[in-house]
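Biologist: I am new to this structure and would like to learn how to read it step by step. Could we begin with the idea of a contact, and then move outward?

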Amino acid sequence: MELLLPEFGLVIFQSIAFLLLMFLLAKFAWKPVLAAIKERELSIDEALNKAELAKQEMTRLTAQNEELMKSARAERDLILKEAKTLKDSIVNEAKLSAQTEGAKLIEKAKIEIENQKKAALAELKNQVSTLSLDIAERVLRNQLQDKATQQDLVANLLKDVELN
Amino acid sequence: MDCSHVFEFKVKRLIVVFTLFLAFFSVTPAAFAQVDTAQVTEDSHAQPEAKEKFDIGKFALHHIADSHSWHVIGHTYIDLPVILYTKAGFVNFSSADFNHDDDGKVIVERKGQRFVKMHEKIYYASDAANEHGQFLSLDEKHHASNERPLDLSITKNVCTLFLSIIILLVVFINVANGYKKRVGKSPKGLQSWMEPIILFVRDDIAKPNLGHKYERFMPYLLTVFFFIWFNNMLGLIPFLPGGANLTGNIAVTMILAIATFCLTVFNGNKYYWKHIFMPDVPWWMYIVMVPVELFGIFTKPIALMIRLFANITAGHILVLSLICLVFVFNSLYIAPVSIAFAVFIGAIELLVAFIQAFIFTILSALFIGMAIEEHH
């Protein structure tokens, strides 16, 4: 039972000592310690946040790079496509112009041929007429030795010429 | 609270230990009986001088009580100063003047007043000695009924109190200097030993119970935690720097509980007082509720006081009793067993030293937290 009765002396000493201890520790230990711990935690938090931000920035940059690559590729494709169409159009144009040119040439050639043909025919006609005149002359010369035959021949020749 | 498993763990272990302990004693008497009969034949002539029966209770209570001198070893004592406030003012002398008498037989006379010491309490001596040579008048329960002066002596507990304060100041000012020297760097040495515990008090005791206003109460909670823990551990040291049962002394736990009580009462907000005087129950229930709640204000710190006192005192008595088995059985053969158990209980006491500091602190935080809670 004596254990349960607080001794006055110890009560006094304990209250003074405990208050003093709390005051001293609060001033010289807990305050700096807790402040330092808090500060360190804040700096750690800040560092982590910064790391997180850097990570986000990194992903953003990567995405941007990706985007740039994509657009560059698209641009390249576009340019290639344009070049191809341009080439096609040039080739087509060349083909077309070559065709028209060829057609023109053919046309010209045809006209020329026609002309030549006409000229040749005319020449031929002239020659034929000359030749026929020669022939006729020679025939006539032979034939005209006989009067009657001469007349028949002329008549026949004329008939032939008219048929032609 | 999520600390219930700690109690379970402790309780289970204790149950196991005691079961083993009891099992040991229920088996051994047969084995020992043979040895005893063998010895009886040899020592039969010595037996009749019936030895004084060893009283564990008296022995243990003497050891856990406060003392005016500090027992070192054998007959070596450190004599501590006795300071008394008597009817004739302050009186001080060395406790050596009592010649280590604790039965009120030696009188010390100062300023015309005579003092005797019995069971480490100082009384005004009676004029004449009683039949046992004690200058005290004893009642039927052998308690002295003499008047007592106000005892402000530097006793063993007061010495331990000062010692623990010096240790705490040295340790934590050292820790604080560590933070000043290595600003923003990782802790080192003593600092890295204490930081996890300081963080434990802050994050697991203060923050969950006190909410965002925890910072105001951190100095108190940390001081209480480390004061109790360090003193519990000092109390477990059986020789000189320790040995005093400071946290197992009701005066000490009373002051600690009063501190928590004052913080609770002075920081209580209107919701707390409304909860006590105008709880949300039908008005006719007030007759029961208000006295119960009012009573609760006082029972909480009283429970804190008794819990710490009883746990630490019980631990000390347990260890002492186990050691005393050697003297109870009056046989050296029991020593290995009693020492093994004392070591085991000592290890558990080391755990209890921490747990009790933790419980006192977390309950203080809880009570303060209930008083400063913003709404219901």
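Modeller: Two residues are said to be in contact if their C-beta atoms, placed from the backbone, lie within 7 Å. Please keep in mind throughout that this is a predicted model. With that cut-off, and leaving aside neighbours within four places in sequence, B:A206 is in contact with B:V201, B:Y214, B:F217, B:M218, B:L221 and B:A365.

Biologist: Where does B:A206 lie, and is B:A206 buried or exposed?

Modeller: A residue is called buried if 20 or more other C-beta atoms lie within 10 Å of its own. B:A206 lies in helix 4 of chain B, and it counts as buried because it has 27 C-beta neighbours inside 10 Å. A separation along the chain can also be set beside one in space: B:A206 and B:L222 are 16 residues apart along the chain, while 9.4 Å separates their C-alpha atoms.

Biologist: What span should helix 4 of chain B have, and what follows this helix?

Modeller: At 1.5 Å a residue, the 21 residues of helix 4 of chain B should span 30 Å, and the 28 Å between its end C-alpha atoms agrees with that. The buried residues of this helix include B:M194, B:I198, B:V201, B:I205 and B:A206. After helix 4 of chain B comes B:G211, which has a positive phi, near 70°.

Biologist: How many residues does helix 3 of chain B have, and which of them are buried?

Modeller: Helix 3 of chain B, residues 156–181, has 26 residues and reaches 37 Å from its first C-alpha to its last, close to the expected 38 Å. Among its buried residues are B:V158, B:L161, B:L168, B:F172, B:V175 and B:Y179.

Biologist: Which residues have the most contacts inside the largest nonpolar core?

Modeller: A nonpolar core is a set of buried residues of certain nonpolar kinds, joined through C-beta atoms within 7 Å. The largest one here has 68 residues, and those with the most contacts inside it are A:V33, B:A206, B:F217, B:L221, B:F225 and B:F360. Helix 1 (8–143) of chain A supplies at least two residues of this core, as does each of several helices of chain B, including helix 3, helix 4 and helix 9 (335–372). Apart from this core lies another, of 13 residues, among them B:L84, B:A125, B:F135 and B:L136.

Biologist: What does B:I368 touch, and in which helix is B:I368 found?

Modeller: B:I368 is found in helix 9 of chain B, and it is buried because 24 C-beta neighbours lie inside 10 Å. Not counting residues up to four places away in sequence, B:I368 touches B:L210, B:F217, B:L263, B:T264 and B:N267. Its C-alpha atom is separated by 9.6 Å from that of B:F266, although these two residues are 102 apart along the chain.

Biologist: How many residues of chain A are in contact with chain B, and how do they divide by kind?

Modeller: Here 29 residues of chain A are in contact with 36 residues of chain B. On the side of chain A that touches chain B, 22 of the residues are nonpolar, four are polar and three are charged.

Biologist: What does UniProt list for residues 12–30 and for residues 37–71 of chain A?

Modeller: An unreviewed UniProt entry lists residues 12–30 of chain A as "transmembrane region"; in the model this span is 100% helix, with its end C-alpha atoms 25 Å apart. For residues 37–71 of chain A the unreviewed entry gives "coiled-coil region", and there too the chain is 100% helix, with 50 Å between the end C-alpha atoms.

Biologist: How many helices and strands are there in chain B, and which domains are assigned?

Modeller: Chain B has nine helices and eight strands. Its domain assignment gives domain 1 (80–154) and domain 2 (157–372), and 34 Å separate the centres of these two domains, taken over C-alpha atoms. Of the 376 residues of chain B, 32% count as buried.

Biologist: Which loop holds B:K111, and is B:K111 buried or exposed?

Modeller: B:K111 lies in the loop between strand 5 (108–110) and strand 6 (113–118) of chain B, and it is exposed because 11 other C-beta atoms lie within 10 Å. Its phi is positive, near 50°, in a residue other than glycine. B:H119, which is not a glycine, also has a positive phi of about 50°; it lies in the loop between strand 6 and strand 7 (121–124) of chain B, and with 16 other C-beta atoms within 10 Å it is partly exposed.

Key. Residues numbered from 1 in each chain as written. Chains lettered and ligands numbered in written order. Predicted model: local features only at pLDDT ≥ 70, side-chain atom pairs only at ≥ 80, totals over all residues. UniProt positions renumbered as here; feature names shortened; annotations may be inferred. Helix = DSSP H or I, 4+ residues; strand = E, 2+ residues; numbered from the N terminus. Domains from an automatic or database assignment. Expected span 1.5 Å × (residues − 1). Buried ≥ 20, exposed ≤ 12 C-beta atoms within 10 Å, placed from the backbone. Nonpolar A, V, L, I, M, F, W, Y, C, P; charged D, E, K, R; others polar.
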